[in-house]
Amino acid sequence: EDKVLIITGASSGIGEATAKKLSQDGAKVVLMARSEDKLKTLKQDIENNNGEALVISGDVTKSDDFKNAVQQTVDKFGKVDGLINNAGLMPLSFVEKLKTDEWEQMVDVNIKGVLNGVAAVLPELKKNKGGDIINISSMAAHRYFPGGAVYCATKSAVKMFSEGLRQELSPKYGINVTSIEPGAVDTNLTSTITDEDIKEKMKEMQKMTTLESEDIANAIHYTLTQPARVNINDVYIVPTEQK
Ligand code: NJP
């Protein structure tokens, strides 16, 4: 498909796998994250497989970075068809440890990052009279897990914001909105955890067979390739071993 799609957090994990999957199917992918070197390597890889990609070094917590990303996308490809709000952090900890800087980071990236993205891209999607917004929420939007009080709260916010967006935008502008809610996926997401108690608990979890980033990329691809009349509201996808 000939869609132009901005993917945040494209420098690793789910974002990287999604960029590869969508570009293999003909989408022009705009790779946004802070690690420019990793994005350049990914762009090369995509181009080696006959795909097209644009690298945007940017921080989703900065609304100007997002506005710049949208402008650069329009300059290069002439339009924006969709946004995959995937960038996220998960520095889990128990609330009583009061790791307030980490709470703030999660609120900034996981929630404000999504809002910044929608604000930047919406004028373009309205102009096109259609498009796709895919927000990566989590299984954590449905249930608490140890150390996840703040993370779960941010992902619940993303899920509910997605539903509000869908109801406001889908009937009026034909902009389809989806919340993707994965269980455990084998990525670098746990690398931001500083709480030693949680790191111990994570070792237990890591014995479980998890999903691969490609499984989520496939779900995103499915969502994006439905006819315009179909809105996939939520994709709740977990490893078979996860309760
Ligand atoms: O994690 P990881 P995932 N501005 O760490 C980027 C959700 N999820 O692929 O800026 C811009 O490999 C960072 O890039 P960089 C999860 O909550 C996951 O698992 O270069 N980008 C990197 O590319 C998250 O929303 C699981 O450091 C920023 C990316 O985010 C999404 O899946 C389960 C940024 C993180 O890649 C992708 O995470 C679940 C910023 N300020 C939901 N800060 C799971 N893995 O189990 C970070 O339910 N990034």
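Two helices count as roughly parallel when the angle between them is under 35 degrees, and this cut-off is a useful place to begin with the structure above, which is a predicted model.

Helix 3, which covers residues 63-77, packs against helix 4 at an angle of about 30°, and their axes are 8 Å apart. Because angles under 35 degrees count as roughly parallel, helix 3 and helix 4 are roughly parallel to each other. The crossing of these two helices, helix 3 and helix 4, is right-handed. On the side of helix 3, the residues that take part are S63, F66, K67, A69, V70 and V74, and they meet N116, G117, A119, A120, V121 and E124 of helix 4. When the residues of this contact between helix 3 and helix 4 are sorted by class, seven are nonpolar, three are polar and two are charged.

Helix 4 also packs with another helix. The axes of helix 4, residues 100-128, and helix 5, residues 149-173, come within 9 Å and cross at roughly 10°, and helix 4 and helix 5 are therefore roughly parallel to each other. The crossing of helix 4 and helix 5 is right-handed. Helix 4 brings W103, M106, V107, N110, I111, V114, V118, L125 and K126 to this contact, while helix 5 brings V150, Y151, T154, K155, A157, V158, F161, L165 and Y173. By class, the contact of helix 4 with helix 5 is made up of 14 nonpolar, two polar and two charged residues.

One residue of helix 4 can be followed individually, namely D101, which lies in that helix. Is D101 buried or exposed? A residue counts as exposed if 12 or fewer other C-beta atoms lie within 10 Å of its own, and D101, which has 9 other C-beta atoms within 10 Å, is therefore exposed. Along the chain, D101 and L39 are 62 residues apart, and in space their C-alpha atoms are separated by 27 Å.

The last part of the picture is the ligand and the residues that form a shell around it. There are 29 residues around the ligand, and of these G9, G13, S35, G88 and S138 come nearest. Which helix gives the most to this shell around the ligand? That helix is helix 1, which covers residues 13-24 and contributes three residues. Sorted by class, the shell around the ligand has 14 nonpolar, 13 polar and two charged residues.

How values were computed:
Residues are numbered from 1 along each chain as its sequence is written. This is a predicted model: local features need pLDDT of at least 70, side-chain atom pairs count only at pLDDT 80 or more; totals for chains, interfaces and linings use all residues. Axes are lines fitted to C-alpha atoms, for helices over the stretch in contact, and angles run from 0 to 180 degrees between N-to-C directions. Helices (H or I, at least four residues) and strands (E, at least two) are DSSP runs, numbered from the N terminus. Angles under 35 degrees count as roughly parallel, over 145 as roughly antiparallel, 65 to 115 as roughly perpendicular and the rest as oblique. A crossing is left-handed if the near helix is turned anticlockwise from the far one by less than a right angle, and right-handed if clockwise. Two residues are in contact if their C-beta atoms, placed from the backbone, lie within 7 Å. Ala, Val, Leu, Ile, Met, Phe, Trp, Tyr, Cys and Pro count as nonpolar, Asp, Glu, Lys and Arg as charged, and the others, Gly among them, as polar. A residue is near a molecule or strand if its C-beta atom, placed from the backbone, lies within 6 Å of it. A residue is buried if 20 or more other C-beta atoms lie within 10 Å of its own, exposed if 12 or fewer, and partly exposed in between; C-beta atoms are placed from the backbone.
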